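Biologist: Could you take me on a close look at one part of this model, the enclosed spaces inside it? I would love a connected account that I can follow with the structure open beside me.

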Amino acid sequence: MHERMLLSILLLIALCAAGCDRPPTETATDGAPPAVDIPVGPMPGPGQFPPSPQNPYTGNSVALSEGRQLFVNYNCYGCHGGHGGGGMGPSLRDATWIYGSSDAHVFSSIAEGRGQGMPAWGTKLPQDQIWKLVAYIKSMNTPNEPDAPVQK
Amino acid sequence: MQHSRFTWIITLCAGSATAFFTSGCATKTETAHAASNAPAGAATDVPGALPGIHVVSPLPSGEWTVPAGDLANTRFSTLSQINTGNVANLKLVATMSTGIPHGHEGGPLVVNNTMYVVTPFPNSLLALDLKNPTGPLKFQYDPHPKPMAQGKACCDVVNRGASYGDGKIVYATLDGQVVAVDAQTGKEVWKTPLGNVDIGETITMAPLIVKDRVIVGNAGGEMGVRGWDAGLDLKTGKLVWRAYNTGPDKDVLIGPDFKPFYKKDQGKDLGVSSWVADQYKHGGATQWGWVSYDPELDLIYYGTGNPGVWNADQRPGDNKWSITIFARNPETGQAKWAYQISPHDAWDYDEIMENVLIDMDWQGRMRKLLVHPGRTGFVFVLDRETGELLSAEKFMPPTNWAKGFDLKTGLPQVDPSKETHQGSTTHDICPSSTGGKEFVPSSFSPRTGLLYIPAHNTCMDYGGVKANYIAGTPYLGASVTMKPGPGAGQGMLIAWDVKNAKAAWTVTESPWPNYSGVLSTAGDVVFYGTMSRMFKAVDAHTGKALWQFQTGSGIIGNPMTYIGPDGKQYVAVYSGIGGWMGAEALPALSADDPTAALGIVGAMKGLKSYTGPGGTLYIFSL
């Protein structure tokens, strides 16, 4: 119970840090589409995959910055590198996507976790925060990347 | 009292090296030092040893049954078939791929004409029949650790090896279990779960078998776990004791026998009062390195890792017992003494490095020494009976976090401008968190009095950030960018003159750190590997290059030597880049993020072009 309470407080802090002093138009969490089940593997037999939900925060610079802050607050940087270059977990800024590169696939990896140690953050984080993390991750190595690593 | 008895033996035997090791003396010392798992043919006499240098534990002469070859962690072999005169003729006789593209740390054991190697995750135990080393495996044992452990290990999915005792090969799995395998049949004898991998507890170290105890410690100092060492019953695997390295005295197994030398380490429940609130519960101080044992004093020695959280401003206080050398009774785990090298660490300078036990003349008096070449960039020499610090000298010249150590108080003289704090970045701290050396073990030759230190020269910029504890995720609070240190070459083999506390000579390796263990032999040859795929032999007296062989991948394992069934001397080593410093060579890393892999990528950019991953065992002979 203690840890759950602590996490709730952390979530509140993170939400506040991410959104309290932003203009409301830029932080709208309403309208974020609910996640759907995204298959990781190919579909057997005939038919088509259901349409993949799009990230409502793509290209939203404030959401990207919030995603960057969440990436730090939730210790993502400890495993995936200070700017997503990898470490205990794989790089997020290279061209390799083990479980798929679409926004929905990245959402699914964060929400459901993965078997080699990636926690299932969907059990703790609201969906809009996960979408912001997706937006930040997908911005890595692009001109839109907030707080990009300094090259020496 | 033990000290005066020891002095008496030395007085009786000293005079010349030859006299010292004539039969009367050798018999006496061998009896005193006999350990139940001493390798067959083990010897305490070293022909040609310098006067006034005495070996504490039987040395390997044919087999290699514990991670360092001997219990005192000298990594010195009495074999001399391969020597400075003929090592140039060393040839490859067998190889074997493990098929695993991760860091291959540690090294083989050889017992009863069988070689045993443990792989990185999934931690298979491979046994080779040395009567037919190019033939099929004698057996393979697979412990099936939880796949999730791969994402909880801070610094690649490594394993640092096994120990042999009572007919069993004993080692740890990445998911926090210890297994004992029948050395003949490959059947599992017991398996004991010790660590909770859900919260980030892994085990990467090589357990040490001391009499009927298996000594093992946890890893996970980057995940906010609480460090411990444990003693298991060798026969059954049952947990006999667990000593936490933080917390109240009853948890740390500090009792009436505990007599730390320095005032700063004396007092009740310092493992609680040197932290804020309950921070000690996430206080790290894990033990993922090497354990040594002195059979005469009947004490084990090990060092502890970084305090958790990395961000030092979140844990005011000395943070005991992080960055501490402990002496404990192996049977009960009860602490005899502790010496905290660096209170309130602010640089991730784990001090889990090897403690090399040597009896030698120290400033005119025979003393029982513990020599600890540290991540902090200093070589520490302690009296291992009392824990008194006798010397702390920089072996890595750019070291600047501390000017030196006050031998009266045991405290470092920290440079305040190199402290790290939340909300700011401290520039050009030397060494980087990876240290003047890492866990890769040094070797001491009684014939030269030199400790051969595999060293590296990196520095760092370190920014403190507030960290939140979320179980099972990293607990850091730091943004670290490492970089090559000043001077030529990041890698060095430093031949450290223990008696005079200074480097006798240094071999510089360019451009990468020396990140493999070292082996020295009575043939006066020193073996080590480089990250740029070279396995090398140099002269133990001068460092002169004698031989080299290019392996398929960078070497971060530990070379060892043994006598084969044909009576010939062999040398074996793992190659296979990875681990923390080798992370840049792994495909899942991006070199354009200098903070990747806890900041090491900044110092190692370009390693990928020198070596790719992939583990192979190599065996050489004349």
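Modeller: Happy to! Let me start with the second largest cavity, whose lining divides into seven nonpolar residues, one polar and one charged. Keep in mind that this is a predicted model. The residues around the second largest cavity are Val66(B), Pro67(B), Ala68(B), Asp70(B), Asn73(B), Ala206(B), Leu208(B), Trp290(B) and Val291(B). If you click through them, Asp70(B) is the charged member and Asn73(B) the polar one. The space they enclose comes to about 60 Å³.

Now for the wider setting. Counting cavities of 30 Å³ or more gives six. The largest of them has a volume of about 210 Å³. Its lining is made up of 24 residues, and those closest to its centre are Cys154(B), Cys155(B), Arg160(B), Glu222(B) and Trp288(B). Arg160(B) and Glu222(B) in that central group count as charged, while Cys154(B), Cys155(B) and Trp288(B) count as nonpolar. Across the whole lining of the largest cavity, eleven residues are nonpolar, four are polar and nine are charged.

So you can set the two linings side by side on your screen: for the largest cavity, nine charged residues stand with eleven nonpolar ones, whereas the second largest cavity has one charged residue with seven nonpolar ones. A good place to begin your own tour is Trp288(B), one of the residues closest to the centre of the largest cavity, followed by Trp290(B), which helps to line the second largest cavity.

How values were computed: Residues are numbered from 1 along each chain as its sequence is written. Chains are lettered from A and ligands numbered from 1 in the order in which they are written. This is a predicted model: local features need pLDDT of at least 70, side-chain atom pairs count only at pLDDT 80 or more; totals for chains, interfaces and linings use all residues. Side-chain values use heavy atoms; hydrogens and water are left out. On a 1 Å grid over the protein atoms alone, a cavity is a set of points where a 1.4 Å probe fits but cannot get out, and a pocket is an open set with protein on both sides within 12 Å along at least five of seven lines; lining residues have an atom within 4 Å of a point. Grid points are joined across faces, edges and corners, and a volume is the space filled by probe spheres set on the points.
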